[in-house]
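Here's a quick tour for anyone meeting this protein for the first time. Have a look at the structure, and then we'll walk through it together.

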Amino acid sequence: MKLNKEYWENRYQNKSTKWDIGYVSTPIKEYLDQIHNKNTKILLPGGGNGYEAVYAFNSGFKNTFLLDIAKHPLENFKNQNPSFPDTQIIKDDFFNHQEKYDLIIEQTFFCALLPEQRSAYAKKAATLLNEKGIIAGVLFNFPLTEKGPPFGGSIDEYKSCFSPYFNIHKLETCYNSIKPREDNELFFIFEKK
């Protein structure tokens, strides 16, 4: 299976987007609500329809950037959020992106990548972060199989993948998942080494 630009364009165009809950996820919302520095430069990779991006932006984080490989969700996002700056809506492959950020918010992107890309994702995330930068968000907590996306994983797998590049501050069962994802999400906060 090739999870390339065409694959994701087709998923959006055919409305085969079961991961899209239609609003900012509770764990991300509550995490963003705790951040006081509104100058924090934030990246939402694989951000799709960008509910987390618009929530962050409307909460005062004016340095919020939405990145996706597929143009369809980015066009939808721009149409629904005309005040969001065009220069902060980026159509690109995460692995080609070169900017620097203080915070990367992870929401259903990591689980959409092929499992063999996970180490490369962790390494790339570290290169995109400034010194002491943070990656935080949710990861799925169910057995990793060939069936996906989404692809699952476990605490031990995630520690192994991220610990070469990040200090693990938090990686635990998410207490505030939405009902359909209850007991299937882990909330994490990792700091760049």
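Let's start in the middle of things: Ile135 stands opposite Phe190, a residue of strand β7. Keep in mind as you look around that this is a predicted model. The strands on either side of that pair, β5 and β7, run antiparallel to each other and are joined over seven bridges.

Zoom out and you'll see an open sheet of seven strands, ordered β3-β2-β1-β4-β5-β7-β6, with mixed pairing. The edges belong to β3 (89-91) and β6; each has a single partner strand, so one side of each is left without a neighbour in the sheet. From one strand to the next, the twist averages 15 degrees.

Now for some helices. Helix α3 (residues 51-58) packs on the sheet, where it touches β1, β2 and β4, and its direction makes about 170 degrees with that of β2. Helix α4 (residues 71-80) lies across β2 and β3, at about 165 degrees to β3.

Then there's helix α5 (residues 118-128), whose buried residues are Arg118, Tyr121, Ala122, Lys124, Ala125, Ala126 and Leu128. What covers them? The cover includes strands β1 (42-45), β4 (101-107), β5 (129-140), β6 (166-173) and β7 (185-192), along with helix α6 (155-162).

On to the nonpolar cores. The largest has 26 residues, and Tyr121, Ile135, Phe162 and Phe166 touch the most other members. At least two residues each come from β2 (64-68), β4, α5, β5, α6, β6 and β7, and α5 gives the most, with five residues. Our starting point, Ile135, has plenty of company: setting aside residues up to four places away in sequence, it touches Ile104, Tyr121, Ala125, Leu129, Phe162, Phe166, Phe188, Ile189 and Phe190. Apart from this core lies another, of 25 residues, including Val24, Ile28, Ala56 and Phe61.

Strand β7 has one more residue to visit, Glu185. Leaving out neighbours within four places in sequence, its contacts are Pro27, Val138, Leu139, Phe140, Asn141, Glu172, Thr173, Cys174 and Ser177. Here is how buried Glu185 and two cysteines are:

| Residue | Relative accessibility | State |
|---|---|---|
| Glu185 | 2% | buried |
| Cys174 | 6% | buried |
| Cys111 | 7% | buried |

Why do these count as buried? Cys111 does because its 7% relative accessibility is under the 20% cut-off. And how many disulfides does the whole structure have? A search finds zero.

Conventions:
Residues numbered from 1 in each chain as written. Predicted model: local features only at pLDDT ≥ 70, side-chain atom pairs only at ≥ 80, totals over all residues. Heavy atoms only, no water. Buried < 20%, exposed > 50% of the residue type's maximum accessible area, 1.4 Å probe, protein only. Helix = DSSP H or I, 4+ residues; strand = E, 2+ residues; numbered from the N terminus. Contact = heavy atoms within 4.5 Å. Disulfide = S-S within 2.5 Å. Core = buried A, V, L, I, M, F, W, Y, C linked by side-chain atoms within 4.5 Å. Pairing = 2+ DSSP bridges. Axes fitted to C-alpha atoms, helices over the stretch in contact; angles between N-to-C directions.
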